[in-house]
Amino acid sequence: GGRGFNADVWAHEGFAYVGHWGFTDWAQGSKQRFCPEEPNNGVAVIEYGTDPESPVMVSRLQNPAGTSAEDVVAYTAESGPMAGRDIAAVGIQVCGGSRYDTSFARGLQLFDVTDPANPVEVGFEDTGCCTRGLHELEVEHRDDLARTFAYVSVPASEYEDPNTTSGFRDEQGRGDFRLIDITDPTAPFEVSDWGVIHDAGGPLGPGQGCDPDPVFGHSAEPSGDGTEVFLADVTVPETPTLLGDTDYGADEDGDGHSSMFDDARQLLFTADEDFCPNSGPEIEKGLGYLRVYDYSDRGNPVQIGEYRTPNS
């Protein structure tokens, strides 16, 4: 219908939470593209547990006007004032106009979905101007701290931007990774941030290929115990530190998109997001592929495998 592009899908207790994707066309100023309005926007809540062959949409998690709700995680709160209740965390990005327009919301939106047919918004953490907002997220509970965190990415925070007081796209000069405490979903707050330029002394060199900017934190993937995230080490939530990093070859376009960590085998599976099949004479032709890294030695990860689809 008029819903545009569906995005992330998360299954929880017999319900699927389906985000939607939209953005402003950066090549044409503030031209609006793929930014549905009510009743076509929001996270669709689909009941499939009763009859998987006939899923039914029972509600929407309504996002603010002029935004997209691309990534979503639903979970049962393990501690805090809403322990035992089902919560949905949604990443909110600007899609209805310029990212400099501070009237658009951007950040982490939290809903009580204990009754999925009647969701209630309970909290919001604003990630601030002047990025598009929160792109991808994961949620993990820290048993050792009895705290729950959202591990989120706010891409392009460290892009240079003369229109902001910090000189970077994030007005406060923060990095692409943000750690948000959501133990109390009604009062989320940012614990710390981490960036390649501000915290790791990078970038070490120029990017290469189709998208040559070397600083773009697309996603965050935590370990099972929540003490590490594949961006940075967050054993102490307030002071994340870098343990190690993977590197692309000189002839590879790169563009790491999303990852999934296998704690049991200490393997990191990563996917490329390459828009250019031919980025130049020195870069291999193709559209990216799956890579497998042995991460048993955090300071020295090694790529041990890859998988390319027939048309990659």
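A residue is called buried when its relative accessible area is under 20%, exposed when it is over 50%, and partly exposed in between (1.4 Å probe, protein chains only). By that scale tryptophan 21, at 28% relative accessibility, counts as partly exposed, and phenylalanine 5, with a relative accessible area of 40%, is partly exposed as well. The model is predicted, so local features need pLDDT of at least 70 and side-chain atom pairs count only at pLDDT 80 or more, while totals for chains, interfaces and linings use all residues. Residues are numbered from 1 along each chain as its sequence is written, and side-chain values use heavy atoms, with hydrogens and water left out.

Phenylalanine 5 and tryptophan 21 also belong together as an aromatic pair, a term for rings of Phe, Tyr and Trp (its six-membered ring) whose centres lie within 6.5 Å, with planes under 30 degrees apart counted as stacked, over 60 as edge-to-face and the rest as tilted. Their ring centres are 5.3 Å apart and their planes stand at 75°, so the pair is edge-to-face. Phenylalanine 5 lies in strand β1 (residues 5-12) and tryptophan 21 in strand β2 (residues 15-21), where a strand is a DSSP run (E, at least two residues), numbered from the N terminus. Another pair, phenylalanine 230 with phenylalanine 261, is tilted, at 4.5 Å centre to centre and 40° between the planes, and both of these residues are buried.

Strand β8 is a good place to look next, for nine of its nine residues are buried. Asp86, Ala88, Val90, Ile92 and Val94 point one way from β8, and Ile87, Ala89, Gly91 and Gln93 point the other way. In a regular strand the side chains alternate between the two faces of the sheet. Strands pair if DSSP finds at least two bridges between them; β8 pairs with β7 in the antiparallel sense over eight bridges, and with β9, again antiparallel, over six bridges. Isoleucine 87 of β8 is the bridge partner of tyrosine 75 and stands opposite aspartate 112 in β9.

Tyrosine 75 leads on to the largest nonpolar core (buried Ala, Val, Leu, Ile, Met, Phe, Trp, Tyr and Cys residues joined through side-chain atoms within 4.5 Å). Of its 16 residues, those that touch the most other members include Tyr75, Leu137 and Val152, and the elements giving two or more residues to this core include β7, β8 and β12.

Further along, four strands form an open antiparallel sheet in the order β11-β12-β13-β14. Here β11 and β14 stand at the edges with a single partner strand each, so one side of each is left without a neighbour in the sheet.
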